[in-house]
Amino acid sequence: MNWDWNAVADFMPHFWDGLLVTLEILVLGSLISFVLGLVWALLSRLPSRWVRWPVGAVTEFVRNTPLLVQLFFLFYVLPEWGLTFSALTTGVIGIGLHYSTYTMQVYRAGIEAVPAGQWEAATALNLPRLRTWTAVILPQAVRRVVPALGNYVISMLKDTPLLMAITVLEMLGEARLFSQQNFHFTEPLTVIGVAFVVISYLASLLLRTLERRLVP
Amino acid sequence: MSLDTRDTDPRPGTGPERHTRELVRLEQVSKRFGDRTVLDRLDFSVDAGKHVTLIGPSGSGKTTILRLLMTLAKPDEGTITVDGRTLYPAPEKQVREIRKNIGMVFQQFNLFPNMSVLRNITEAPVTVLGMSKDAAEERARELLELVGLSEHLDKRPGQLSGGQQQRVAIARALAMRPQVLLLDEVTSALDPELVAGVLDVLRDIARSTDITMLCVTHEMNFARDISDQVLMFDSGRVIEAGPPEKIFSDPEHDRTREFLSAVL
Amino acid sequence: MTSGLWELVLQGVWVTIQLLVLSALLATAVSFVAGVARTHRLWIVRFLAGLYTEVFRGTSALVMIFWVFFVLPPAFGWQLVPLWAGTLALGLTYGAYGAEIVRGALSAVDPAQQEGGIALSFTPWQRMRLILLPQAVPEMIPPFSNLLIELLKGTALVSIMGMGDLAFSGNLVRLALQESAEIYTYVLLVYFVIAFLLTRVMRGLEKRLKAGVGKAPAPRTEKAAAQPAGAGGGLR
């Protein structure tokens, strides 16, 4: 095994560029998945089955098919429909949408875990429905779901390299580009491999601290 | 039906030897959980073939003694010997060898839900003692007959009542032909109407075998029936010991009197 | 779509299924070895198994695939057939998640069962084989079912390495037809059907295994979300 520290040094500027893009994807993708997941969760609690059923079918479909193919779909099909986004935007939408079908389950479990007595108390106080949700149910549910959401953020981090397949230059994309130009495969791939392990380890430590704060 | 615990042992029952051979011995045994001392430099021994009952308030260390003997827990200090061989401190191999002579029946039965009643009983004789499957099954059938559950041998433990499960657990322990049988509050988890059936089986075993029994129980009538000796525990020490007639009718220690008046 | 293009897609399905089966087998083996090793009484064994799970769960499956395809061959001088390289990368990555499932299910078995085993003088390995695993395995099936779906989705990653799996065949057909929406919809549907069938099979398996330990199967709602944070919940 020949390891070339010079190659590592040459790669590092590209690595930082890639890391920045990776984190950008992660932050935006997480935001989309948090919001969209909540929308799915609330829609799937509506009384009308004409809403519940399609929401259930779509999210089930998205959750059970590969993110990679979904990214291809968005990347090649949206322009055909006249919607042209940058690769990065497309990728963020794709990963956010994919993960929203997971966060949806987290929210649903969180909402169901709020004791029935809370609903009854809100009814007894004659709170309007919207107020019940925003002031009573969701604040309690969100507290419970933060750890699980955090886990999905960590999982999402590990899926960000898929955006490389639609030409986004995140960490893996940068590593591949560097490899092809300089014929050094080992160093850049190992650097980003270690980076992933380190980042997800730090993130899980952070999450555990957060969990202790939120769930006393 | 044969209920000999050891194929090779002559039944001592009558000889003077029965009263002299020491089978279990604890010397200066201490056990702490955190800063709570459960057993405090305890000394006591049990002779072969004797039935000894440990009584006392809960938390006084009775169950801990059984768990130490079963090697489910380790003492912090002291030595434990069984049949002249050291159980603690001892190398793992020796522990395993000695452990084969000790059986235990648990408060919560601890039957294996993934095995049928029959296999719960035959598994250990086959895999641990190397008994043939046929011999183990024959023995299991005898034992199930003894505990009155012959017709349930293909069922799962979950399909039986608590009392039936506990009788299976007794049969399972006996199938290993232990020299010592440890009984840890075996009726505490049972509905009141199921207690009698289990106790009857144990009385039967106590009468008809030479197994040494160490019993932790709150059933004082049962203790009086089967025991050769009763040990009263308090705060990790034996404060009074003697034959049941003596302990139950004429206790010397105030704590014993208080305890008995509370439970009887 | 012409029949020639359909044939391409079918070949892709076949490669995907081969890859799925092989990497699922490897992942299962790795899950049990590493998961059981994490309960070992020697700390060094526990440590090594823990290190493996943390590292492989920490990294990205796609990075692993790149590593196996590009770093292993020059570093160790062996060039793997793409199918085996894909199997190795996927099996090791998803096996690390599986190891957590196995460890979790083993530690969820009532400790009293261990004590029952000790009281009957079973050796540690006999307790594992006769008591713990038979009771833990049925509990592992629902999370393993989720993991299997994740693995199916993960197999699409090898298309980036040019392996002719289902996702790759989709790209080829797109180039030939310039009909992205249609072909990708088909490809996604095929993945969905495979996932659906796998879920069905796993649920049947769960039912049978749970009957074996005298339990009813768990209600199927919210399996993914109901898992404790950190176990299988953070898969993807």
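This briefing covers confidence, chain contacts and helix geometry in a predicted model of a complex. The predictor assigns the complex an ipTM of 0.89 and a pTM of 0.84. Two pairs of chains are in contact, and chains A and C share the most contacts. Chains A and B do not touch.

**Confidence**

- The mean pLDDT of chain A is 90, and 99% of its residues score at least 70.
- Within chain A, confidence is lowest in helix H5 (residues 116-124), where the mean is 84. It is highest in helix H4 (residues 87-113) of chain A, at 95.
- Chain C has an average pLDDT of 87, with 90% of its residues scoring at least 70.
- The pLDDT falls below 50 over residues 220-236 of chain C. Beyond near neighbours in sequence, this stretch of chain C nevertheless has 46 contacts in the model.

**Chain A: fold and extent**

- Chain A contains eight helices and zero strands, so its elements read α-α-α-α-α-α-α-α from the N terminus on.
- The C-alpha trace of chain A spans about 70 × 45 × 25 Å along its principal axes.

**Helix H6 of chain A**

- Helix H6 of chain A covers residues 129-159, which is 31 residues.
- The end C-alpha atoms of H6(A) are only 38 Å apart, whereas a straight helix at 1.5 Å a residue would reach 45 Å.
- H6(A) has a bend of about 45° at A:Val145. A proline, A:Pro147, follows A:Val145 within four residues.

**Contact between chains A and C**

- Chain A contributes 41 residues to this contact, and chain C contributes 41 residues.
- On the side of chain A that touches chain C, the elements giving two or more residues are helix H3 (67-80), H4, H6 and helix H8 (186-214) of chain A.
- H8(A) gives the most to that side, with 10 residues.
- By class, the side of chain A that touches chain C has 27 nonpolar, nine polar and five charged residues.
- The bent helix H6(A) is thus listed among the contributors to this side, as is H4(A), the helix of chain A where confidence is highest.

**Contact between chains B and C**

- This contact takes 17 residues from chain C and 22 residues from chain B.
- Two elements give two or more residues to the side of chain C that touches chain B: helix H5 (111-119) and H6 of chain C.
- H5(C) supplies the largest share of that side, six residues.
- The class make-up of the side of chain C that touches chain B is nine nonpolar, seven polar and one charged residues.

**Separation of chains A and B**

- The nearest C-alpha atoms of chain A and chain B are 24 Å apart.

**Helix packing inside chain C**

- Helix H1 (residues 3-37) and helix H6 (residues 124-155) of chain C pack at an angle of about 140°, and their axes are 10 Å apart.
- The crossing of these two helices, H1(C) and H6(C), is right-handed.
- From H1(C), the contact is made by C:Thr16, C:Leu19, C:Leu20, C:Ser23, C:Ala24, C:Ala27 and C:Val36. H6(C) brings C:Met128, C:Leu148, C:Leu151, C:Leu152 and C:Thr155.
- Residues three or four places apart in an α-helix point the same way, because the helix has 3.6 residues a turn.
- By class, the contact of H1(C) with H6(C) comprises nine nonpolar, three polar and no charged residues.
- H6(C) takes part in this packing and also gives residues to the side of chain C that touches chain B.

Methods
Residues numbered from 1 in each chain as written. Chains lettered and ligands numbered in written order. Predicted model: local features only at pLDDT ≥ 70, side-chain atom pairs only at ≥ 80, totals over all residues. pLDDT = per-residue confidence, 0-100. Contact = placed C-beta atoms within 7 Å. Expected span 1.5 Å × (residues − 1). Bend = angle between axes of the 7 residues up to and from the residue. Axes fitted to C-alpha atoms, helices over the stretch in contact; angles between N-to-C directions. Left-handed = near helix turned anticlockwise from the far one by under 90°. Nonpolar A, V, L, I, M, F, W, Y, C, P; charged D, E, K, R; others polar.
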